[in-house]
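Trainee: Before we start, please show me the model. I would like to ask some plain questions about it.

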Amino acid sequence: DSYKGLIFATWDREAPSLLDYLGDAAWHLDMCVGRSEGGIDVMQGAHKWMMQMNWKFPVDNHVGDGYHVPITHGSVIGLGKSGVLNPNTRPSLSSGVRRSFTFGNGHGGSVGPWTGPWSSDPDSPVNKFNVEHRDEFRQQLGDVRAKYQPGTWAIFPNLVINNPAYSGNLKLFLPRGPMWTLGWSYCFVD
């Protein structure tokens, strides 16, 4: 079956319909893959890599591990136009509240207020795109969802979708043994 152009499959003949399986996650999933009228376009090619870990670890990491962002990604977030760390443009951790949710069936993710800009550089193409298309997003998603921007979502068992507002990508984590996982990452754009 498919949802917003994403194809899902199962070997289980008794599995629920895809919409029943997604449940409330579908409403939130639209914020990632249904922001614009044309949906998303997945770019050709995939980044693939092997990790020595159980496949559940990277999926679980994406569900609500927001505390790592200012530590792990802080220097990248704070980079200015010149490529030099600019503490004056670094987003404030108190600028809004991000919440993590679980929707049953192992799905989960996070959402936060539309606080923008999504880059430390207000003139970045990503930031300009999000600002210029905000009305379209509101038209597609409705007033309630347009007030928020999605974080990272995990659709159990192995699909991760990163926020299209600044790094739209789909990731699949495929088990290759008890402690080996193959990761596939595809970029997408609105």
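What follows is a set of questions and answers about this structure.

Mentor: This is a predicted model, in which local features need pLDDT of at least 70 and side-chain atom pairs count only at pLDDT 80 or more, while totals for chains, interfaces and linings use all residues. Residues are numbered from 1 along each chain as its sequence is written, and side-chain values use heavy atoms, with hydrogens and water left out.

Trainee: How many helices and strands are there in the protein?

Mentor: Helices (H or I, at least four residues) and strands (E, at least two) are DSSP runs, numbered from the N terminus. By that rule the protein has 8 helices and 10 strands.

Trainee: What percentage of the 190 residues count as buried?

Mentor: Buried means under 20% relative accessible area, exposed over 50%, and partly exposed in between (1.4 Å probe, protein chains only). Of the 190 residues, the buried share is 38%.

Trainee: Which helix supplies the largest share of the largest nonpolar core?

Mentor: A nonpolar core is a set of buried Ala, Val, Leu, Ile, Met, Phe, Trp, Tyr and Cys residues joined through side-chain atoms within 4.5 Å. The largest one has 22 residues, and Y3, L6, F8, L22 and I161 touch the most other members. Helix 1 (18-22), helix 2 (25-33), helix 7 (134-141), strand 7 and strand 8 each supply at least two residues of this core. The largest share, 6 residues, comes from helix 2.

Trainee: Which residues does L6 touch, not counting those up to four places away in sequence?

Mentor: Contact means heavy atoms within 4.5 Å. With residues up to four places away in sequence left out, L6 touches D1, V33, I40, I161 and L170.

Trainee: How many salt bridges does the count come to?

Mentor: A salt bridge is a side-chain nitrogen of Lys or Arg within 4 Å of a carboxyl oxygen of Asp or Glu. One of them joins R138 and D135, with the closest N and O atoms 3.0 Å apart. Both of these residues lie in helix 7. The count comes to 4.

Trainee: How many residues apart in sequence are the parts tied together by D30 and R145?

Mentor: The side chains of D30 and R145 meet in a salt bridge at 3.2 Å, N to O. D30 lies in helix 2 and R145 in helix 8 (residues 143-146), so the pair ties together parts whose separation in sequence is 115 residues.

Trainee: Is K4 buried or partly exposed?

Mentor: The side chains of K4 and D30 meet in a salt bridge at 3.9 Å, N to O. At 11% relative accessibility, D30 counts as buried. K4 has a relative accessible area of 43%, so K4 is partly exposed.

Trainee: Where does P157 lie?

Mentor: A cis peptide bond joins F156 and P157, with omega about 15°. Most peptide bonds are trans. The place of P157 is in the loop between strand 7 and strand 8 (159-162).

Trainee: How many disulfides does a search of the whole structure find?

Mentor: A disulfide is a pair of cysteine sulfur atoms within 2.5 Å. C32 is buried, with a relative accessible area of 0%, while C187 counts as partly exposed at 47%. The search of the whole structure gives a number of disulfides equal to 0.
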